[in-house]
Amino acid sequence: MVEEMFLKEEDKKVEKLLLFSSLKEKEINQVFQSKNSFKNGVFIVKHINESDIKFLVTFSKKLKLSKPKKNKIKRQILHILREKVRDLELKNFHIVLILIKLPQENFFLELKKNIKSILIQIKNV
């Protein structure tokens, strides 16, 4: 029974590693002050090297979206990020993703493709 409890706690630790915490105000300011940024068709990406991995997903003011729509998109993006970070073994970055344009067709697949290319580009820096 003690072994079972130990395994359960270990599983919880692994699960926590797969969750991302959001950036705090101080960290956001550091990311925006850095010169590491680029743009693809859907996102503006800003990043810095740090001791852990944290994300912030935000939207351009030009996108007129309702709160429920923004929340749904944000959940989809975070789901894709969790999956891709695990696949690419990405570590030690603070990343801000600013959504500037919504993909028109195959919304989820386009987001997935864009995020994968972003993470590969960041990993190769």
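**Exercise 1. Find the distance between the closest N and O atoms of the salt bridge K112 forms with E83, and place the pair in the chain.**

Step 1. The closest N and O atoms of K112 and E83 are 3.3 Å apart, and the pair forms a salt bridge (a side-chain nitrogen of Lys or Arg within 4 Å of a carboxyl oxygen of Asp or Glu).

Step 2. K112 belongs to helix α4 (residues 107-123) and E83 to helix α3 (residues 67-88); with their positions 29 residues apart, the pair links distant parts of the chain. Helices (H or I, at least four residues) and strands (E, at least two) are DSSP runs, numbered from the N terminus.

Step 3. The model is predicted: local features need pLDDT of at least 70, side-chain atom pairs count only at pLDDT 80 or more, and totals for chains, interfaces and linings use all residues. Residues are numbered from 1 along each chain as its sequence is written, and side-chain values use heavy atoms, with hydrogens and water left out.

Step 4. K112 has a relative accessible area of 24% and is partly exposed; E83, at 23%, is also partly exposed. The classes are buried under 20% relative accessible area, exposed over 50%, and partly exposed in between (1.4 Å probe, protein chains only).

**Exercise 2. Which residues join E83 in one network of salt bridges, and how many salt bridges does the rule count?**

Step 1. E83 also forms a salt bridge with K84, where the closest N and O atoms are 4.0 Å apart.

Step 2. In helix α4, E110 pairs with K113 in a salt bridge, at 3.6 Å between the closest N and O atoms. E110 and K113 are separated by about one helical turn, because they stand three residues apart in helix α4.

Step 3. E110 is partly exposed at 26% relative accessible area, whereas K113 is exposed at 53%.

Step 4. Shared partners join E83, K84 and K112 into one network of salt bridges. The count by the rule is four salt bridges. As background, side chains of opposite charge can pair when their charged atoms come close.

**Exercise 3. Is K84 buried or exposed, and which residues does K84 touch beyond four places away in sequence?**

Step 1. K84 sits in helix α3.

Step 2. With a relative accessibility of 12%, K84 counts as buried.

Step 3. Leaving out residues up to four places away in sequence, K84 touches K112, K116 and L119; contact means heavy atoms within 4.5 Å.

Step 4. The C-alpha atoms of K84 and I115 are 8.0 Å apart in space, while the two residues are 31 apart in sequence.

**Exercise 4. Locate N40 and list the backbone nitrogens its side chain reaches.**

Step 1. N40 is in the loop between β2 (37-39) and β3 (43-49).

Step 2. The relative accessible area of N40 is 18%, so N40 is buried.

Step 3. The side chain of N40 reaches the backbone nitrogen of V42 at 3.0 Å. A polar atom of the N40 side chain also lies 2.8 Å from the backbone nitrogen of F43.

Step 4. Not counting residues up to four places away in sequence, N40 touches I100, N114, S117 and I118.

**Exercise 5. Describe the strand pairing of β4 and its cover.**

Step 1. Strand β4 (residues 54-59) is largely enclosed by the rest of the structure, because five of its six residues are buried.

Step 2. β4 pairs with strand β5 (residues 93-99) in the parallel sense, over six bridges; pairing requires that DSSP finds at least two bridges between two strands.

Step 3. F59 has L99 in β5 as its bridge partner.

**Exercise 6. Summarise the chain and state where the pLDDT is below 50.**

Step 1. The protein chain has four helices and five strands, in the order α-β-α-β-β-β-α-β-α from the N terminus.

Step 2. Of its 125 residues, 36% are buried.

Step 3. Among contacts between residues at least 6 apart in sequence, 81% join residues at least 24 apart.

Step 4. The mean pLDDT (the predictor's confidence in each residue, from 0 to 100) is 81, and 83% of the residues reach 70 or more. Residues 1-7 have pLDDT below 50, and this stretch has zero contacts in the model beyond near neighbours in sequence. Residues 10-18 also have pLDDT below 50, with two contacts beyond near neighbours in sequence.

Step 5. Where pLDDT is low, the predicted coordinates should not be read in detail.

Note on methods. A polar contact is a pair of N or O atoms within 3.5 Å; within protein, one must be able to donate a hydrogen and the other to accept it, and residues adjacent in sequence count only if both atoms are side-chain atoms.
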